[in-house]
Every structure is written in C-alpha cells, then in structure tokens.
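Visitor: I should like to take a close look at one part of this model and then see how the rest is arranged around it. Please begin with the structure itself.

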Amino acid sequence: MRKKFNTLILPFILPALLLIVWQVFAWRVQNVTILPTIGRISKNFMHATDNFIGLGSIPRNIGVSLIRVLSGYTVGVLIAVPLGIFMGYNINAQRLFENLINIFRPIPPLAWQPLALGFFGMSSVATLFNMPFGQQHVFWGNFKTAMIFLIGIGSFFPVIANVMFGVQNVSKTLIDSARVLGASERDIFFKILIPAAAPSILNGLRVGLAIGWSCLVGAEMLPGSMAGVGYLITHAYELARTDLVITGMICIGVTGVLLDSIFKIITIKYFSWKY
Amino acid sequence: MEGKIRVEHLEKIFCSQNDMKITALTDINLRVQENEFVCILGPSGCGKSTFLRIVAGLEESSTGKVFYDGQEHVKPRREIGMVFQNYSLMPWLNVLDNIALGLNFAGISRAKRTAKAEKYLDMIGMSDFGKAFPNELSGGMQQRVAIARALANNPDVLLMDEPFGALDAYTRIIMQRELLRIWEQHKVTILFVTHSVDEAVYLADRIVLMSSSPGKIKRDITISIPRIRERSNPLFGELTEELLILLENA
C-alpha cells in the first residue's frame, strides 16, 4: 500500500497542486491577459487542429519546431561527438582546442542572435539546397540557417564536454587488461574506449538535445520565422493572447519530456551495466 | 638454464612533478623457470607492481632488460597474460564475452571463441554465469573470470598483481586452492605479486623478497614443503615467522 502510494501518487502531487494554485489565482485575478484559467488553455488543446492566430495548428507548429531543433542538434552533434572523442583520446588535441571551447562555452546561444543574422541573413534550408520555388520552397524556407546555427551552438557544448569526459575517464585498468590480452591500438579504440565511454556519450546527447530544445524560443524570435511553437509564443505575446503563450509553453515542456524519455529508455535498455 | 623469464639489471626511475628523480627499482635480476610458481613478496610501495608491469610490457624500464624465452621483450604479448587486483573486466560485456575477449582481438570467429570461452567457464566452475554481467558477480567470481580470461589466450606466463588482495579472508583461501589446481592443470609459469606472507608461503615454489626505497631483491627463498600445504604444518608456521621478521627489516 505504502509502495503504491510512493510510486503512483507521490510523483503527481506537486503538478496537481500547481494546477489548483493556478486555477485559484486565475479566478481571483479575473484577467485573461495576466492569467487565463485552465479551462481556457484546455480548450486550445481540444481544438489543437484549428488555425491559431494565422500560424496553423498546434501539431504543425510543434512539427516545424521539432525539425528546426533536430537539424540544429544534428549539426552540433556531428561536430561535437568526433571532436570530443578526439580530444579525450589525444592530449595534444585537447591542448589545441580546449581554450577556444572554454571561451565560447559560457556565452548563451541567444547572444549569438545578431551575429547569426549577420552571417547567415535570410538563408534557409531551401536556399542552401537551391530548391525550386513552390510549396516545397516555402516549407523548407521555414528552416533558417541562423536558427539551425543557434540551436547547434546550444547543443554543441554539453555534448562535447560529456563526450570528452567520458573518453578521458575510461579506467586505465580496462585499457591495460586489453593490452595484455593482445589488443591493437584500433581494438583499444573501437572495442574498449568507445563502448566504455558510451554511457557518457549518450548522456551528452541527452543533455545536448534538452539544451537545443530550450534554445527554441530564442531561435524562433529571429525574423523570417512564420511558424513554430517559439514563434507562436512571441506572436501570441504581441497580441496579448496569454492563453496561447501558456499553450506554447506546455507544448515545449511536454515535447521536451517525451524527447528525454527516448534517451531514458535507451539508457535502461543498453547501459544497465553502468547503473 | 635460460628460464622462461629473465630480468637483467632492471632499474626504474620516475621523474616527479618538480623534476625530482625517484628510484623505484634498482638492479633487479631474476630468472623464472618454466612452470615455476614464483611469488614476489614485499611491503607496500616497494615497486613490486611496477616490476610486474614492466615484465608485462605495460611500462618501460629505465635501464636493464626483460627476456622472454631468451628474446628481449618490451611490448605486451599474447604469451604473457596478466590478472589485475580488481575491476579489470569489461562491464558492458557478459562473462562469456569477457573470457573470449583476447580471442576476439586475435580475430577468431565468434562461434569458435564462444566454444573455447565456455570450456574455461567450466574450468572455473561458473557454467551457469555465462550470460551474467560483471557487476552482478561477487568479487571472488570476478577474479575467477579474470583468470579464465587470461588463460583462454593460452599464455605461457601468467603475471598476477595481488589478484586476491581485494577479497575477504575466506574467499581468498578458496581462490588460492583453486589457483593451484588450475596451475597444475594448465602448466603455466606464474609470477605472483603479493604482500601477504601467508599467501606466498601457501602458493609459491620460490619467494622473492623485496625491500623498499629503492625497491630491490633482498632474498630468494625456495620452499620445499610439499603441496597441498597445510597451514597447521609446523614448517609452514616457521617459514611464515621467518619471512615476517625479514619483511619487518625490509
């Protein structure tokens, strides 16, 4: 009985409390611009497929945002993972890159906005791949290079830090054991270092995606954005549609949790040896 | 007699951070015959582990040479296996894959190496644990697997660096008996580092006693008590006593 309470009830107490407090405040304030009621927000979700303030349905906005984040994340990861492994493996590579990376790391991705706009202007996936004008061009025009850059920067640093740490901290005994068993340098790298560092690498990928996802609103504040949950929030704010702002916030939160749970499942399935 | 392993005038000098030179080992000369069981006994910090790592080819000596079968050797090789004190199993591989690891590096097909690994799994009496992961095993079982893994590579020489040092007293005694059985069965040359006098007297044909700072060989004692040795045997007690006194002055 007690265990049931701990696992089934305990995790939901605070969220439920939040809803109650929210609703009480909303009734007392009686101002939809400051705090709309829960009913108003759930109405938005019940009509999720409606066209909201000319920006399309909720699923479409989430979809556009997801593609933006995943493309920026992919670019960040494709650079961070090999470089992180290289830096963890080779002390001189670390010496070469470390200062540069440490200087850029504390800069919040949002600070790059003006520069990103200057560098990449209005270029997008559509212009990069020289797509012919038409519906395709309009759709892929949503994915601006500057946004992908911002999200990529956000994902890059947690990924590279975790990957490097993981490779560096592979136990010396494991490497020595492999050597005395006749491992070549190649064996050590692919059969010892990479699998031993895999949990840290995965953890980096997980944190990187979370950070990339949280850069979304900032990235979608860039001009030329015509859809996406982040833009929905910014635009709804301009129209004083607080209910839509909260709807967008909930979308970001829930999608973030779902993305994270993918990593959780992979961790439990493949890396139980570590935990 | 050339011996399986021959060490000549070995010296190891470490450079500390502030450029101080520390002599860890000096003028080590040692010959180990084929199928001999030699224990290296010494106080903590006498450099016995460093010595073993040099013999394994994991570290370089500053001067002096190590010969294997009469050939000078510096890099790790399959003929010389090694068992570490603990945590040397790959945590992401199950027991069978761990035992087969050396065969994997040698490029032997999966079916063949699994079959061979199963044989060694049998030898250590753990047939039911092939699919288990190292973190599911007790310390004693992990060390059994580490020994099986080293032997699956068919080494001539087995270097053991305090392999039972992290085990509780009871498991340790069981493992010592087990190791002697395996050694008699497989006929390998064993170089075994320990700081336990009891362990050395129980296991070794010969005890090489080391003293510290700098680490050097102080005595070389042949043990003639027949196996299996009983700890209640007065000869066992006398030798242990004698070694303890020597160790105290080491």
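Which strands of chain B does helix α5 (residues 139-152) lie across, and at about what angle does α5 run to β6(B)?

Guide: In this predicted model, helix α5 of chain B, residues 139-152, lies across β6 and β7 (157-161) of chain B. Its direction is at about 175 degrees to that of β6(B). With angles over 145 degrees counted as roughly antiparallel, α5(B) is therefore roughly antiparallel to β6(B).

The two strands beneath this description belong to an open sheet of six strands in chain B, ordered β6-β7-β8-β3-β9-β10, with mixed pairing. The edges of the sheet are β6 (80-83) and β10 (216-222) of chain B, each of which pairs on one side only. From one strand to the next, the twist averages 20 degrees. Strands of a sheet pair through backbone hydrogen bonds, in either a parallel or an antiparallel manner. For β9 (residues 206-211) and β10 of chain B the arrangement is antiparallel, and six bridges join the two strands. Within this pair, B:V208 is placed opposite B:D220 of β10(B).

Chain B also meets chain A. The contact involves 14 residues of chain A and 19 residues of chain B. On the side of chain A that touches chain B, α9 (172-180) and α10 (185-214) of chain A each supply at least two residues. The largest share, six residues, comes from α9(A). Sorted by class, this side of chain A has six nonpolar, four polar and four charged residues.

Helix α10(A) leads further into chain A through its contact with α3 (residues 58-89) of chain A. The axes of α3(A) and α10(A) come within 10 Å and cross at roughly 145 degrees, and the crossing is right-handed. Among the residues that meet here are A:V69, A:G72 and A:Y73 of α3(A), and A:L193, A:I201 and A:L205 of α10(A). The residues of this contact comprise ten nonpolar, four polar and no charged.

Helix α3(A) has a further partner in α8 (residues 145-168) of chain A. The axes of α3(A) and α8(A) come within 6 Å and cross at roughly 30 degrees. Because angles under 35 degrees count as roughly parallel, α3(A) is roughly parallel to α8(A). This crossing, too, is right-handed. The contact of α3(A) with α8(A) has 21 nonpolar, nine polar and one charged residues.

Conventions:
Residues numbered from 1 in each chain as written. Chains lettered and ligands numbered in written order. Predicted model: local features only at pLDDT ≥ 70, side-chain atom pairs only at ≥ 80, totals over all residues. Pairing = 2+ DSSP bridges. Helix = DSSP H or I, 4+ residues; strand = E, 2+ residues; numbered from the N terminus. Axes fitted to C-alpha atoms, helices over the stretch in contact; angles between N-to-C directions. Contact = placed C-beta atoms within 7 Å. Nonpolar A, V, L, I, M, F, W, Y, C, P; charged D, E, K, R; others polar. Left-handed = near helix turned anticlockwise from the far one by under 90°. Parallel < 35°, antiparallel > 145°, perpendicular 65-115°, else oblique.
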